[in-house]
Amino acid sequence: EDGHSLVLSGLIPNCISYDPTFAFEVAVIVQDGMRRMFQEQEDVFYYITVMNENYEHPEMPVGAEADIIRGMYSFSKGGESKGPRVQLLGSGTIFREVIAAADLLRVDWGIEADLWGCPSFNELARNGLDAQRWNLLHPLEEPKVSHVEQKLAGARGPVIAATDYVRLFSEQIRPFVKAPYVTLGTDGFGRSDTREKLRHFFEVDRHWVTLAALKALADSGEIPRDKVAAALVKYNLDPTKPNPLSV
């Protein structure tokens, strides 16, 4: 029933917060935290959300350490294609649903997706705001570019982000995403049920991520809207389902 703690942790300037998905992310983050807090004696502390869900953990993408610390790294690239493409972002356990959505997009709809792990939307937002401030104060110098903009430079298609937290968590990086950006989150009252049912209820599971990606592509004119309607039927998503915020 925690959809807001990462938003709250982002309000504390010396709190460094992460929502990792895989063991390699946790290892990199903890190691960096030990360096900063004990070796460098920085006046910071860390807040890390981890789950007790059992799943397979892949190997870390080569050279991803620095990007993990900064809050966003390339997990995998979709196949070569000149057709419609999307960029899928996720953190925590919901990143696994995002990964599954990439498979659905490819198998069911012929759409390739690039996957981005975002263990800290908070750190990404701080980095982006810091770049904005520096650019404001140094108008005659070469502008700094946020980490989000660096990572998504040259990426094709709309950007979809899903987390196990309220939309505000991933909304923080909207100013730094230069493409259509759609966020999914667990806005609403907390409740008890199975993880599968809760993810469907809050509309953050693989089917809702897939639907959001298709809708964004349709809005961009890259696919016909009837594909979005077909996805509602294929994945048994009820158009009359109440908004989670209203129940």
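What follows is a conversation between two colleagues about a predicted model.

Colleague: Let's begin with the cysteines. How do you know that Cys 15 is in no disulfide?

Modeller: The closest cysteine sulfur to that of Cys 15 belongs to Cys 118, and it is 18 Å away. A disulfide needs the two sulfur atoms within 2.5 Å, so 18 Å is too far for a bond. Cys 118 is in no disulfide either, and a search of the whole structure finds zero.

Colleague: And what makes Cys 118 count as buried?

Modeller: Its relative accessibility is 1%, and buried means under 20%, so Cys 118 qualifies. Cys 15, at 2%, is buried as well.

Colleague: Happy with that. Why is Leu 8 called partly exposed?

Modeller: Leu 8 has 47% relative accessibility. The partly exposed class lies between 20% and 50%, so that is where Leu 8 falls. The residue sits in helix H1, residues 5–9. Together with Leu 11, Ile 12 and Phe 45, Leu 8 forms a nonpolar patch on the surface, with about 380 Å² of accessible area.

Colleague: Now the charged residues. Why is the pair Arg 36 and Glu 42 called a salt bridge?

Modeller: The closest N and O atoms of Arg 36 and Glu 42 are 2.9 Å apart. The cut-off is 4 Å, so the pair passes. Arg 36 is buried at 17%, whereas Glu 42 is partly exposed at 31%.

Colleague: What makes Glu 97 and Arg 206 a salt bridge?

Modeller: Their N to O distance is 3.0 Å, which is within the 4 Å limit. This pair links distant parts of the chain: Glu 97 is in helix H4 (residues 94–109) and Arg 206 in helix H9 (residues 206–219), 109 residues apart. Glu 97 is buried at 9%, while Arg 206 is partly exposed at 33%.

Colleague: How many salt bridges does a search of the whole structure find?

Modeller: The search finds 16. Among them is the one between Glu 171 and Arg 174, at 2.7 Å from N to O. Both partners are partly exposed, Glu 171 at 24% and Arg 174 at 33%. There is also a network of salt bridges that links Glu 53, Arg 96, Arg 195 and Arg 199.

Colleague: Asp 32 is charged too. How do you know whether Asp 32 is buried or exposed?

Modeller: Its relative accessible area is 11%. The limit for buried is under 20%, so Asp 32 is buried. This residue lies in helix H2, residues 23–39, and it touches Tyr 46 and Ile 69, leaving aside residues up to four places away in sequence.

Colleague: Last topic, strand E5. Why is E5 described as largely enclosed by the rest of the structure?

Modeller: E5 covers residues 112–117, and six of the six are buried, so the description fits. In a regular strand, side chains alternate between the two faces of the sheet. In E5 both faces are covered: Glu 112, Asp 114 and Trp 116 are buried on one side, and Ala 113, Leu 115 and Gly 117 on the other.

Colleague: Which strands pair with E5, and what makes them count as paired?

Modeller: Pairing takes at least two bridges. Strand E3 (residues 73–76) has three bridges to E5, in the antiparallel sense, with Ser 76 opposite Leu 115. Strand E4 (residues 85–90) runs parallel to E5 and is joined to it by six bridges; there, Leu 89 has Trp 116 as its bridge partner. Three bridges for E3 and six for E4 both satisfy that requirement.

Key: Residues numbered from 1 in each chain as written. Predicted model: local features only at pLDDT ≥ 70, side-chain atom pairs only at ≥ 80, totals over all residues. Heavy atoms only, no water. Buried < 20%, exposed > 50% of the residue type's maximum accessible area, 1.4 Å probe, protein only. Patch = residues over 30% accessible without salt bridge, like charges linked within 9 Å, V, L, I, M, F, W, Y side chains within 5 Å. Areas by Shrake-Rupley, 256 points an atom, 1.4 Å probe, with all protein chains shown as cover. Salt bridge = Lys/Arg side-chain N within 4 Å of Asp/Glu carboxyl O. Helix = DSSP H or I, 4+ residues; strand = E, 2+ residues; numbered from the N terminus. Contact = heavy atoms within 4.5 Å.
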